[in-house]
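This report describes one protein chain. Look through the sequence and the structure before reading on.

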Amino acid sequence: MKTKHLLLSLLFLLFTQVGWGQTQIYVVDFESAAGYSTTPAEFSDGGTDYFTSTFNNTIGSAVSVSNIQGTYFFGAQDIDADQPTEPCIINIDDVNISGYTNLEIRVYLAEDDDGSNQDWDAADYVHFDYDIDNTGSFSDLLWIESSGATNTAPFIDTDYDGTGDGTEITSTFVQFTQNISGTGSLLDIRITIQLESGDEDIAIDHIEIYGTSGSSNDTDSEAYDSGSQPAAANIASTSTAFTDVFEIEIEDIGTADGLDTKVTNIRVKPHSTNTADWTDHINAVKLNNGSDITIGTVDITDTYIDIPITSGDLDITDGGSDVITLQIQINNTGITDNAILSFMVDADDHGFTADNSGSSFENPFTLGDFNSNDFTIRVTASELNFVQEPSNTVVSVVMSPDPTVAATDANGNIDVDYSTAITVTS
């Protein structure tokens, strides 16, 4: 356990003077296909008719928005051009809000700027609505409307009367926050989009649900560098073993509640030295704290890995700590020689969650970011394979086209460092 324990406890006591902070309950960041559903299915013509996350489909390069929160976002434009269903709907269902009050939604919004004028008409809208405990009746939450005329800019509709009268939505993503009235057990968010023509578009990113824990449980559990990171190493491209790559120490500060921290999710992101595309290079991950920890279906994306854990399968004893080792198994095909895998925990957006029945995590982590060493995937050639074979060969005549040979491992991955001379004669 770290000597920082006392410091964190003092910080916690200071924070309690000003009340309990809010906790991130749920996030949809569109860096994968997880966390939401749509009606109809996502689609794009590759240009300016689309209803899709850019993770799932490509949209036209002419669509320009800035301050994207990651790599991908969800966009919609001219939704009836290629399919008949309108309006189109994004659903976020059954978010567990048990024990939370002071609920709010936080979301980044943008709209591609047409330049000389904007193109939303009076009939265009994007509505965020919510339902608590599956009543089937949705309440107004956050509405975006035109200012009421033809070819106008979109604005927040502060009084839900169908006319935008608040902050303008521009081509730069800006975060908007709206309180959610009430509480219960389950929260549904419905986003209804009605944009029927070219240049009528919306871009949505990083939807978060926040709330205040209704209990007096501690909210200061921490994750930090264990101080004994696995040493940098090479991983053979043919390896099927799990390799220890990152150690995370999780501590329950033990301030007041006498309860364990029941970890329900661990998130890691690529460190700045990482060059490997994670979806291409990582096949599977495991967690270990002396024995394998039971985990759920892991979400591996190029910008983060989320590792869900059922409450009770990783409990940090009140006032104690545990070192968790992340282990990875690489893919054996489609990989790049000398690609580097490195991992970090982002203190400001850590994605660690815990069951509300026990202590929960500090947000952000007080001790800051921390990272692994570098793990380099090495391809060692074991065979030669023709990349291009000559189609016309005659003895003692130059082959046409020139033959090309690659030095590969048994799985066809190219060893870019192979330098032995190869002679091919006809």
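Is Glu104 buried or exposed? The model is predicted, and in it Glu104 has a relative accessible area of 10%. Buried means under 20% relative accessible area, so Glu104 counts as buried. Its side chain takes part in a salt bridge with Arg106, where the closest N and O atoms are 2.6 Å apart.

## The chain as a whole

The chain has 426 residues, and 47% of them count as buried. Its secondary structure comes to two helices and 29 strands. Along the principal axes, the C-alpha atoms fill a box of roughly 85 × 60 × 35 Å.

## Salt bridges

How many salt bridges does the count come to? The count comes to six. The table gives three of these pairs, including the pair from the opening.

| Pair | N to O distance |
|---|---|
| Arg106 and Glu104 | 2.6 Å |
| Arg267 and Asp306 | 2.7 Å |
| Asp346 and Lys269 | 3.1 Å |

Arg267 and Asp306 form a salt bridge with the closest N and O atoms 2.7 Å apart. This pair links distant parts of the chain, with Arg267 in strand S17 (residues 261-270) and Asp306 in strand S20 (residues 305-308), 39 residues apart. Arg267 is buried, since its relative accessible area is 4%. Asp306 also counts as buried, at 13% relative accessibility.

The side chains of Asp346 and Lys269 meet in a salt bridge of 3.1 Å, N to O. Here too the pair links distant parts of the chain: Lys269 is in strand S17, while Asp346 is in the loop between strand S24 (343-345) and S25, and the two are 77 residues apart. Asp346 counts as buried at 18% relative accessibility, and Lys269 counts as buried at 16%. Lys269, Asp346 and Asp349 are joined into one network by salt bridges that share partners.

## A three-stranded sheet

Strands of a sheet pair through backbone hydrogen bonds, either parallel or antiparallel. One open sheet in this model has three strands in the order S15-S27-S23, with mixed pairing. Why is one side of strand S15 and of strand S23 left without a neighbour in the sheet? Strand S15 (233-236) and strand S23 (340-341) stand at the edges and each has a single partner strand, so one side of each has no neighbour in the sheet. S23 pairs with strand S27 (residues 375-378) in the antiparallel sense, over two bridges. Within this part of the sheet, Ile340 stands opposite Thr376 in S27.

Ahead of S23 along the chain is a loop that runs from strand S22 (321-330) to S23, and Gly334 has its place there. Gly334 is exposed, because its relative accessible area is 57% and exposed means over 50%. Gly334 and Asn411 are 77 residues apart along the chain, and their C-alpha atoms are separated by 8.6 Å.

## Backbone exceptions

Most residues other than glycine have a negative phi, and most peptide bonds are trans. Some places in this model depart from that pattern.

Which peptide bond has an omega near -5°? The bond from Glu86 to Pro87 does, and this bond is cis. Pro87 is placed in the loop between strand S5 (74-77) and strand S6 (88-96). Another cis peptide bond joins Asn363 and Pro364, with omega about 5°. Pro364 has its place in the loop between strand S25 (353-354) and strand S26 (370-371).

Asp133 is not a glycine, yet it has a positive phi of about 65°. Asp133 is found in the loop between S8 and strand S9 (139-146). With a relative accessible area of 37%, Asp133 is partly exposed. His206, which is also a residue other than glycine, has a positive phi near 50°. His206 is found in strand S13 (residues 201-213), and it is buried, with a relative accessible area of 10%.

## A charged patch

Which residues form a negative surface patch? The patch is made by Asp113, Asp114, Glu168 and Asp199. Asp113 lies in the loop between strand S7 (100-110) and strand S8 (125-132). At 41% relative accessibility, Asp113 counts as partly exposed, because that term covers values between 20% and 50%.

Conventions. Residues numbered from 1 in each chain as written. Predicted model: local features only at pLDDT ≥ 70, side-chain atom pairs only at ≥ 80, totals over all residues. Heavy atoms only, no water. Patch = residues over 30% accessible without salt bridge, like charges linked within 9 Å, V, L, I, M, F, W, Y side chains within 5 Å. Areas by Shrake-Rupley, 256 points an atom, 1.4 Å probe, with all protein chains shown as cover. Salt bridge = Lys/Arg side-chain N within 4 Å of Asp/Glu carboxyl O. Lys, Arg positive; Asp, Glu negative; His and termini not counted. Charge placed at Lys NZ, Arg CZ, Asp CG, Glu CD. Helix = DSSP H or I, 4+ residues; strand = E, 2+ residues; numbered from the N terminus. Buried < 20%, exposed > 50% of the residue type's maximum accessible area, 1.4 Å probe, protein only. Pairing = 2+ DSSP bridges.
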